[in-house]
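Good morning, everyone, and thank you for making time for this. Please have a look at the model on the screen, and then I will walk through a few places in it.

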Amino acid sequence: MAPPTQAPSAADASVSRPRGLASEEARARLARDGPNELPVAPPPSRARQLAAQLFHFFAVLLWAAGALAVLGGMPSLGAAIFVVIAVNGLFAFVQEHRAEHAAEALRRLLPRRATVLRDGRARAIDAAELVVGDVVRLSAGDRVTADLRLLERVGLGIDASAMSGESGAVYPDVGDVVHGGTFVIGGEAYGEVIATGPRTRLAGIATMTRRGRHLPTPLARELARLVRTIAAIALGVGLALLLIAIAVGLPFRDGFLFAIGVTVALVPEGLLPTVTLSLALGARRMAARHALVRRLEAVETLGSTTFICTDKTGTLTQNRMAVVVAWTPSGEARIDGDGYAPSATIECAPEVRAPLEELARCAARCSTGHAVERDGEWVAEGDPLEAALFVLARRAGIDVEADATRSPTTRKWPFDPHRRRMSLQAGAELLVMGAPDAVLDLCREGADAAHERVEAFGDAGLRVLAIAKRARRPDEGAAAAEVERDLELLGVVGLEDPPRAEAARAIAACRSAGIRVAMITGDHPATARAIAAEVGLLVETGWVIQGKDLPADEAILGATLDRDGMVLCRVSPEDKLRVAKALQARGHVVAMTGDGVNDGPALRQADIGVAMGRGGTDVAREAADLVLLDDDFATIVDAVAQGRATFANLQRVLVYHLTDNVAELAPFVVWALSAGRVPLALSVLQVLSIDLLTDQLPALALGAEPPAKDALDKPPIGRHLVDRAVLTRALLVLGPTEALLELAAFVTVLVLARVPPWGSEASAHALASASGAAFTAIVAGQMANAFASRRGLPAPPSGLLWGAMAFAVLALLTLLGVTRVASVFGHAPPTLPGALVALLAAPAVLVADRAFRDLSRRGGAVPRRS
């Protein structure tokens with residue numbers, strides 16, 4: 001940006017509002033120049049994406065194993081490994097494509113908006129409809145959506161760090177260019193669009209950085225670490241088996257066969273794409289419930305949330321403001337109207353009418369919002385609070401536009417969260433509006449009576465504003481603090497913002513889920529207390545604390561706030577950041593809502609930053625992990641439930657994969673411990689076929705399970721996917737159970753054939769039949785594992801899971817029953833006793849799982865979810 005960084009001066013408030021383009025001209029320019037959209041980077045070619053899935057680390061490991069098998073004289077084994085690589089690669093490729101498609105669909109749900117002047121009136125449009133020559137209004141929190149040349153500015157501060165890389169605000173002058181992609185962090189301005197879409201500076205930078213590499217998410221790093229660990233174990237065990245084989249005198253070829261078998265059995269090459277797709281499905285389900293996930297790993301983190309810090313306005317309330325009462329020094333008026341409709345009944349004494357009209361006129365002049373009629377219904381355009389003040393003026397018979405023409409605004413001091421008021425110079429008058437405690441003390445008289453009414457309005461749950469004026473033109477260049485004094489109090493207004501009907505239910509659901517909730521608002525303490533009590537948030541253990549009374553020490557602050565039902569009022573953005581840090585220091589996973597320009601640091605600090613999709617600023621949405629498309633607190637609770645479901649699904653997938661690996665590894669371990677005296681129960685080809693049958697479609701089905709109805713009836717879940725519960729259940733309970741029945745089925749066939757299982761006298765047919773029994777045991781055990789993983793879910797198994805089970809059964813019958821196919825894999829149909837023992841793997845897994853869960857619940861060591 002052209003000008004150097006400097007503090008804003010009070011003289012930057014000269015205002016002469018432009019009119020903007022005519023609608024017809026704007027449509028013509030849009031047709032000529034195209035939409036205001038950045039050039040879309042061409043997606044990677046499908047061939048490159050497929051190649052990436054076929055030649056990543058684990059695939060290369062398998063390619064090398066297959067090539068060595070072919071060179072070692074085992075072409076059938078090599079071909080089988082290559083088939084596994086191809087199938088897994090195609091499966092991962094399809095899942096990646098589906099995840100990308102889902103992510104793109106989510107991005108389209110939140111189009112960028114811009115406020116422009118068309119035909120002399122302000123209106124909100126999709127930023128893609130901006131054209132050169134449009135006049136755009138910028139307010140604090142907006143994202144600049146095109147390159148603009150400033151026509152006027154009032155205390156305008158720009159965060160250009162995304163463009164320049166330099167931190168700190170810059171303060172451009174009239175005539176300077178502000179570029180698309182920057183953010184307004186303070187003040188207001190009007191600017192004329194000079195470049196859109198591919199002609200902006202941002203488009204040039206985007207083209208240069210398009211090849212940038214995305215950093216892996218914490219979840220991806222955790223999973224990659226797990227997979228690397230398993231791969232290292234696989235290589236280590238494989239090498240150990242090779243050395244044992246040589247030591248006991250087996251040919252190198254046989255030892256090498258065993259080593260390859262272990263490596264292939266333990267490499268979980270299909271795990272990461274399955275997890276990615278599960279996250280994408282969770283994000284899509286959240287979007288259907290009006291919660292837009294901006295970062296996929298937030299789906300998993302949401303399930304661990306233990307503390308929600310929520311705004312009041314628009315989140316717990318409807319954000320449909322209406323002035324229902326107004327007090328002036330001459331008396332009080334009651335306003336009864338329908339929403340934002342201009343007609344209403346005003347009940348007041350005759351002597352109150354004129355002061356009410358003056359109050360309404362000045363309040364509307366301090367506002368930029370208004371109301372418009374759409375499809376027969378009056379709705380707010382702009383900030384709902386300011387729209388309500390505009391409607392009050394209309395109901396009082398004030399022509400706001402005519403008043404602005406007679407007495408135009410010449411200077412303005414915008415609202416900021418520290419002063420908690422705003423001022424403007426209109427003709428010879430200075431008009432001031434803001435929080436009562438920020439305005440009343442600046443007035444000459446009437447403050448004591450006004451304070452009484454403010455308390456009464458707050459106790460009734462109303463939001464209260466004070467309006468005052470000063471009938472003298474301030475000195476040129478004077479700062480706000482110099483002119484906002486010696487004011488005439490016009491009165492206070494009470495605005496009703498009814499609580500959302502579902503807010504009480506959602507807060508109760510949080511308590512059932514073990515999640516603590518605190519309200520954080522800038523409102524008056526009485527208003528905050530009344531709303532918190534009405535929605536059931538304020539409980540006996542909760543307190544109402546003002547921001548100025550919060551302890552300075554972080555440890556004391558955390559101890560003070562670490563209770564359910566806290567209400568923090570008159571809180572600054574800096575206080576919200578301190579609150580997030582203090583609660584995190586006490587071990588909480590914090591979800592923090594915010595909609596203002598200064599809420600960005602708190603949203604980034606929180607484990608889950610939640611921004612408002614309707615009423616929030618672009619700055620807040622950019623900093624957030626989750627955007628509420630309906631601004632509704634209940635949507636956060638629904639998102640937490642989906643987050644818990646996704647977290648549990650991911651753990652089901654992990655348990656499923658790890659259990660299978662234990663069962664596949666067991667025959668090789670037994671062979672090694674017996675120094676080769678016990679024949680292998682499984683061949684490498686059988687291991688590969690099991691991977692294709694049990695590690696793909698069922699895992700995908702488990703990763704797509706919907707939330708359980710009682711997802712919020714349990715305490716918050718842990719923060720790590722790979723925890724002690726997962727490892728214990730897979731490696732010490734289900735895996736050994738499958739392995740035990742697998743080996744039992746193998747031994748049963750050999751013993752009944754009068755062949756000692758530790759000898760080499762078994763016939764080829766007996767060994768093939770015994771191996772078929774072991775193979776059957778693993779497939780049956782994994783089918784039961786899939787259903788055991790669903791235990792606790794009230795919904796019946798999905799069609800995808802039933803389909804996966806049907807495919808597994810069909811594949812099992814084909815591989816064992818078709819002689820030519822069975823001969824390739826080196827097994828045969830098991831004998832009846834062997835088959836019965838093998839099929840016992842299914843109930844054995846279910847019983848072991850039930851026993852483990854019961855013991856875990858009694859011991860309190862493991863949650864019930866997975």
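Which residue follows helix 1, and what is the sign of its phi? The residue is Gly 34, and its phi is positive, near 90 degrees. I should say early on that this is a predicted model, so please listen to the rest with that in mind.

Staying with helix 1, which spans residues 23-33, the buried residues are Ser 23, Ala 26 and Arg 29. These residues lie on the same side of helix 1, because they cover an arc of only 125 degrees around the axis. Strand 1 (113-118) and strand 2 (121-126) are included in what covers them, whereas on the other side of the helix Glu 24, Ala 31 and Arg 32 are exposed.

Let me turn to the interior. The largest nonpolar core has 126 residues, and those that touch the most other members are Ile 81, Ile 260, Leu 537, Leu 626 and Phe 633. Helix 23, residues 633-673, gives the most to this core, with 19 residues. Apart from it lies another core, of 37 residues, with Ile 346, Ala 387, Val 400 and Ala 426 among them.

My last stop is Ala 777, which has its place in helix 27, residues 764-789. Ala 777 is buried, with a relative accessible area of 0%, and, leaving aside neighbours within four places in sequence, Ala 777 is in contact with Leu 741, Glu 742, Ala 838 and Ala 841. From C-alpha to C-alpha, Ala 777 and Phe 746 are 9.1 Å apart in space, while in sequence they are 31 residues apart.

Methods: Residues numbered from 1 in each chain as written. Predicted model: local features only at pLDDT ≥ 70, side-chain atom pairs only at ≥ 80, totals over all residues. Heavy atoms only, no water. Buried < 20%, exposed > 50% of the residue type's maximum accessible area, 1.4 Å probe, protein only. Helix = DSSP H or I, 4+ residues; strand = E, 2+ residues; numbered from the N terminus. Arc of directions from axis to C-beta. Contact = heavy atoms within 4.5 Å. Core = buried A, V, L, I, M, F, W, Y, C linked by side-chain atoms within 4.5 Å.
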